[in-house]
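Let's talk through some charged pairs and the labels they get. Have a look first.

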Amino acid sequence: MLLAELAVTSRRYMASYALFNQALADHLRLHPTDLQCLNLLGLEAGPVTTGRVAELTGLTTGSATRLVDRLERAGYVTRARDTADRRRVLVATVPERMAEFGALWERLNGGWAALFEEYGDDEVAFLIAHMRRTVELSGQQVERLRETP
């Protein structure tokens, strides 16, 4: 019985996240994948190659190049030659635009912070473990979907 409820609730959870992501992307005049790419680039230690963008997003290198093109036109990233290897081009986020993105996220984040503060440390640790496992499984499922015609 609980697993059936979990199945229904998880579908609602995933749909609500996808719809929230779409609304946030619309607000910023971005594609939802572009928004999540910005999110992931913000977690990187520094500029990355377009190949790394493809790895982060699960896109082909051609699709990742088009994504970077859109983000560059929107003013969120720049491209520059790698000073250590002139053959490589690095994609870097634009700090001012990322600050705007961060400020918007901070305004929205208060509700989630309050929600998580209701949980004890053991519950938060469980949520973190679940999210990490979900990220890993999602990556595997993306690969599986891309391999199957």
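Q: What makes the contact between R79 and E72 a salt bridge?
A: The cut-off is a side-chain nitrogen of Lys or Arg within 4 Å of a carboxyl oxygen of Asp or Glu. R79 and E72 meet at 2.7 Å, N to O, so the pair fits that definition. Bear in mind that this is a predicted model, where local features need pLDDT of at least 70, side-chain atom pairs count only at pLDDT 80 or more, and totals for chains, interfaces and linings use all residues. Residues are numbered from 1 along each chain as its sequence is written, and side-chain values use heavy atoms, with hydrogens and water left out.

Q: Why is E72 called partly exposed?
A: Buried means under 20% relative accessible area, exposed means over 50%, and partly exposed is in between (1.4 Å probe, protein chains only). E72 comes out at 33%, so it lands in the middle class. R79 gets that label too, at 28%.

Q: How do you know that D69 forms a salt bridge with R79?
A: Their closest N and O atoms are 2.7 Å apart, so the cut-off is met. This pair links distant parts of the chain, with D69 in helix α4 (residues 61–73) and R79 in strand β2 (residues 77–81), 10 residues apart. Helices here are DSSP runs of H or I, at least four residues, and strands are runs of E, at least two, numbered from the N terminus.

Q: Why is E55 called exposed?
A: Its relative accessible area is 57%, so it passes the exposed cut-off. R52, its salt-bridge partner at 3.1 Å, counts as partly exposed at 29%.
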